[in-house]
Amino acid sequence: MSATPPGPIGDPLFGNGRQYADDPFGFMRACADSYGDVIRFDLGPRETYLLANPADVERVLVADAERYRKPQFGDDAMDRLLGQGLLMSEGDTWRRQRDLANPAFHNSRIAALSGTMVEHTDEYIADWTSGETVDVQLELARLTVRIIVSAMFGADVSDEEVKTVQEELEPLGARFEPDPRRFLIPNWVPTRENREFDAAVDTLESVIDGIVERRLGTERDPEADPAGPEGVAVPGPAGDPDGDLPMDLLSVLLRARDRGEQTDENLRDELVTMLLAGHDTTALTLTYTFYLLSNHPDARERVETEAEAATDDGPPTAADAREMTYTDRVLTEAMRLYPPVYTLFREPKLDVKLGGYRIPEGSALMLPQWVIHRSPRWYDDPETFDPGRWDPERRSERPRFAYFPFGGGPRHCIGKSFSLLEAKLILATVCSAYELDYEGPDLSVRGSLTMHPDHPVPMRVHER
């Protein structure tokens, strides 16, 4: 194997942590532009290797996936928040939880949820007034919280609970913004940031506990529907202990708990993971999509045309969404330019070879969507919004992992189909009724667990 990969020189204490914290997106791009396909640098106490070639990303996520795991960064904040949910668990625990969750994301069940998605969207935008200005990122986040709770928990969520979830996202997100000093301060030290983070996790878990209690109360009520509002059932495979019972995620997990296959802690970890991951990424995708459409009126007009066709004879359905081919390309291009998950991390279980270099066991591998999605090696004029680059012929010219907003391989995002259907139906519903014009400064972003706008996203609503 070859020598150590090239990379930027860091300082003795923090390595390259300060550079990364100051501007993670600019730092990653500069490294890829300067050093090639495999770049080595230090983030805090750990060697990190950035992979800028789609072929290496595919090897890590797909071909040799069993050689890698999710890394531990010596910071238990992620465990405190997500525990052993699908995003963080490994090995047999992850496989068991994934198998349990799969029926909730069955294609037929997702298609049957289209009415729920549209109904919540209609109810939410009914309060919009033509001429008013709304923070579209906040509005969409509140809408997608309602949808994920209804669709995956089989429950309703109050306005106060939605507000609480949104208020707690700020201290949760702040805890995961890049900061090299964090490695020097244990999580048990009662700093203001640590106290606010712990309080936010406690509050979020209390919201989850309240939803579960309501579901259990509903199931004990003989007059109530035991499936809950969104307990869509799908046929299970032969020998499936759940048979044709309701398959919303909470129902599945409660039955597994009753069989002794889940603890209360398992259940809470999965629900917290689903609540956060299931609403945040879709809301961000739509936020960036509306921003881009506001700046590209020709594309917006084509999306509006598809929205009108989808809503011409009633609320849009999953079948209508499949016909929204241009809207699909717009969403794809929005996630290329602004991937909500802007980098993935993996850790080799043993020494591996990537790009001709030896990568040691236990190091951190960074697989950055932000870098690869915007590379001129794979995209002509990569900074330009161009939905046409996703026409089948042009798309086929690029490597498979030149685009991977949902990850890939066995640990690809379980909610991909749900998120894409939800995004199309929200676009169809909103764009058939309103135009949104961005009124803020040039868009800037900040990194945390996901990539968020660094400021409110004000948009003026115009009735069509």
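## Exercises on a sheet and a helix pair

In this predicted model, L344 stands opposite L367 in β8. Start from that pair and work outwards.

**Exercise 1. Find in which sense β5 and β8 pair, and over how many bridges.**

Solution. Strands in a sheet pair through backbone hydrogen bonds, either parallel or antiparallel. Here β5 and β8 pair in the antiparallel sense. Three bridges hold this pairing.

**Exercise 2. Work out how β2 joins β8, and name the partners of Y49 and L50.**

Solution. Step one: locate the strands. β2 covers residues 46–51 and β8 covers residues 364–367. Step two: get the direction. The two strands run parallel, joined by three bridges. Step three: read off the partners. Y49 has L365 as its bridge partner in β8. L50 stands opposite M366 in β8.

**Exercise 3. Sort the residues of β8 by the way they point, and decide whether they are buried or exposed.**

Solution. A364 and M366 point one way from the strand. L365 and L367 point the other way. Now check burial, which needs under 20% relative accessible area. All four residues named here are buried.

**Exercise 4. Give the strand order of the sheet, and explain why β1 and β3 each have a side without a neighbour.**

Solution. The sheet is open and has five strands. Their order is β1-β2-β8-β5-β3, with mixed pairing. β1 (38–43) and β3 (68–69) stand at the edges. Each has a single partner strand, so one side of each is left without a neighbour in the sheet.

Next, add the helices. Helix α2 (residues 24–35) packs on the sheet and touches β1, β2 and β8. Its direction makes about 140° with that of β1. Helix α3 (residues 54–63) also packs on the sheet, touching β1, β2, β3, β5 (344–348) and β8. The direction of α3 makes about 120° with that of β8.

**Exercise 5. Describe how α8 and α18 cross, and which residues make the contact.**

Solution. Take the axes. Those of α8 (residues 136–153) and α18 (residues 416–431) come within 12 Å and cross at roughly 130°. The helices are therefore oblique to each other. Their crossing is right-handed.

Now list the contact. α8 brings L140, L143, T144, I147, I148, A151 and M152. α18 brings F418, E422 and I426. Finally, sort them: the contact residues divide into eight nonpolar, one polar and one charged.

Key
Residues numbered from 1 in each chain as written. Predicted model: local features only at pLDDT ≥ 70, side-chain atom pairs only at ≥ 80, totals over all residues. Heavy atoms only, no water. Pairing = 2+ DSSP bridges. Contact = heavy atoms within 4.5 Å. Axes fitted to C-alpha atoms, helices over the stretch in contact; angles between N-to-C directions. Parallel < 35°, antiparallel > 145°, perpendicular 65-115°, else oblique. Left-handed = near helix turned anticlockwise from the far one by under 90°. Nonpolar A, V, L, I, M, F, W, Y, C, P; charged D, E, K, R; others polar. Buried < 20%, exposed > 50% of the residue type's maximum accessible area, 1.4 Å probe, protein only.
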